[in-house]
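This briefing goes through a protein model and its ligand for a reader at the bench. Please keep the structure open while reading.

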Amino acid sequence: METNDTIVAVATPPGEGGISVIRISGENALSIAGKLFHSSFDISKNNPPSHKVIFGEIRDPDSKRVIDEVLLTWFEKPNSYTGENVIEISGHGGTLVTSTILEIILRQGARLAEPGEFTRRAFIHGRMDLTQAEAVVDLIEAASDRALNSAVSQLKGGLSRRINNLFDQLLAVQAQLEAAIDFSEEGLTFQSREITGQQIEDVKKEVLALVGSFHQGKIIREGVRITLVGKPNAGKSSLLNALMQEERAIVTDIPGTTRDTLEEKIRVKDIHVVIIDSAGLRNKPEIIEEEGIQRTRNALEKSDLALVVFDPSQPLDENDDLLMKELGDKPRCILFNKSDLEQKWEKEKIKEFLKDEEPISVSAKTGAGMQGLINAIYDFAVKGDRMGESIFITRERHRNHLQKAATALDTAYESLRSDCSEELIAVDVNLALEHMGSVLGKSFEEDLLDKIFGQFCIGK
Ligand SMILES: Nc1nc2c(ncn2[C@@H]2O[C@H](COP(=O)(O)OP(=O)(O)OP(=O)(O)O)[C@@H](O)[C@H]2O)c(=O)[nH]1
Ligand SMILES: [Mg+2]
């Protein structure tokens, strides 16, 4: 992608509105605007004052026709969103007016911006690092106060400062190691290996704390994904309806009613919850059910929490066994449904599976115990909050790099303890530095940028 041409886009949403904003960024922003903007202050002759609004009109340079009365703001580089020369034109928000002004600007030699290209340029010019650029998307998409707070903190550099700080601590370790490698022959003494080891461990601990904040960060950003699983007829769809307080899923007394997964959104206090009703797990399914069961497995894999539904009003059977096997170590919340009916078995029967967990007794039919279930979902969602972390990582990308950094630091520490050479230790410390740098975008590949900035809207 070209990065030294001048780009333009409508920055406000399509359609009619009170005003619309057109943004131009690049070396020629001012000279292009000068060809169509007319005001008592002639911007084609003099640089206007930066960050000040000027009133004027837009004229088509070819036909001389007046298109709109507008406000123009000039942001002289590098103090602009992109770090380049930027012009913003606020016009009357009509669709035709806006597209006509855009078309005129394109005719003067600007290029239509790609989605996210303004923010991408901000990143390229060092106006923000990658976590801050990602926070811009999160800010736009934030659907709850918590998501908004987290995005603002990340945009203001909360996460960047934290990682940069760890990065610098590790750089100091690296410098020590390299000094020891370079000057070991000369009889100089360096920081003891013990201190170096302690420093590596300290950084690792903090990196792991950030990795651990992902659970909470992801929930803040995206909400919690929950899948209802259980054998046919256990009452999964009825529970979904009870949670939604609406008859969304089809409920019948025929086992195998739900054939496909059904996804719905609810709000538990200030948390967004995506709740998925799934096809019952059955040991010997019919062919069509088999496909449904595969979808149940996929849904389970992608969810944060499984709501595991048993029906103690019916004998425990091989389908329940299959259910317990399928769950693996997925975080879960165990429900004993149909508490309004006579119970044929007690929790002791599945003691091994339960370990110390207390099942929540509910009735989708009467609503008994539903508040307990809602509280359990909420507790799961906010459990990271109690760990006292104020900064969260919110993306899989952050977690992967930080996890790899922690692993590399672990290896470095082990090498140090087993008396390996400084060279060997330095290799892993370096690897950890690379991964931490990747989170911030200190080193990056173009296709990563394409992926990140491709999520933006045009004009951002
Ligand atoms: N008495 C009583 N009946 C319930 C309760 N929950 C569900 N049922 C009944 O149990 C039957 C099965 O309910 P569903 O919600 O369709 O069960 P499911 O787990 O979704 O079943 P599949 O989609 O077939 O896997 C229906 O007749 C419901 O009315 C409950 O708490 N008490
Ligand atoms: Mg169902």
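The points below cover the ligand site, the internal cavity and two backbone features.

The model is predicted. Ligand 1 sits in the largest pocket, and the protein covers 88% of the 650 Å² of accessible area that ligand 1 has on its own. Apart from that pocket, the structure holds one cavity of 30 Å³ or more.

**Ligand site**

- The surroundings of ligand 1 comprise 24 residues, of which Lys236, Ser238, Gly256, Thr257 and Thr258 come nearest.
- Sorted by class, this shell has eleven polar, seven nonpolar and six charged residues.
- Thr258, one of the residues that come nearest, places a polar side-chain atom 2.8 Å from an oxygen atom of ligand 1.
- Ser363 also has a polar side-chain atom by an oxygen atom of ligand 1, at 3.2 Å.
- Asn233 takes part through its backbone: a polar backbone atom of Asn233 is 2.9 Å from an oxygen atom of ligand 1.
- With these contacts in place, 88% of the accessible area of ligand 1, 650 Å² on its own, is covered by the protein.

**Internal cavity**

- Rolling a probe the size of a water molecule over the atoms shows where empty space is left.
- The largest cavity holds about 30 Å³ of space.
- Its lining is formed by Ser20, Ile22, Asp68, Ile89, Ser90, Gly91, His92, Val97, Thr98 and Ile101.
- Three elements, β2 (19-25), β6 (86-92) and α2 (95-107), give two or more residues each to this lining.
- β6 supplies the largest share of the lining, with four residues.
- By class, the lining residues of the largest cavity are five polar, four nonpolar and one charged.

**Backbone features**

- Lys77 and Pro78 are joined by a cis peptide bond, with omega at about 5 degrees.
- Pro78 is located in the loop between β5 (66-75) and β6; β6 is also the element that gives four residues to the cavity lining.
- Asn233 has a positive phi, near 75 degrees, although Asn233 is not a glycine.
- The loop between β8 (224-230) and α9 (236-244) contains Asn233, and a polar backbone atom of Asn233 is the one placed 2.9 Å from an oxygen atom of ligand 1.

Note on methods
Residues are numbered from 1 along each chain as its sequence is written. Chains are lettered from A and ligands numbered from 1 in the order in which they are written. This is a predicted model: local features need pLDDT of at least 70, side-chain atom pairs count only at pLDDT 80 or more; totals for chains, interfaces and linings use all residues. Side-chain values use heavy atoms; hydrogens and water are left out. A residue is near a molecule or strand if one of its heavy atoms lies within 4 Å of it. A polar contact is a pair of N or O atoms within 3.5 Å; within protein, one must be able to donate a hydrogen and the other to accept it, and residues adjacent in sequence count only if both atoms are side-chain atoms. Accessible areas come from the Shrake-Rupley method with a 1.4 Å probe; for residues, only the protein chains shown count as cover. On a 1 Å grid over the protein atoms alone, a cavity is a set of points where a 1.4 Å probe fits but cannot get out, and a pocket is an open set with protein on both sides within 12 Å along at least five of seven lines; lining residues have an atom within 4 Å of a point. A molecule sits in a cavity or pocket if more than half of its atoms lie within 2 Å of its grid points. Ala, Val, Leu, Ile, Met, Phe, Trp, Tyr, Cys and Pro count as nonpolar, Asp, Glu, Lys and Arg as charged, and the others, Gly among them, as polar. Grid points are joined across faces, edges and corners, and a volume is the space filled by probe spheres set on the points.
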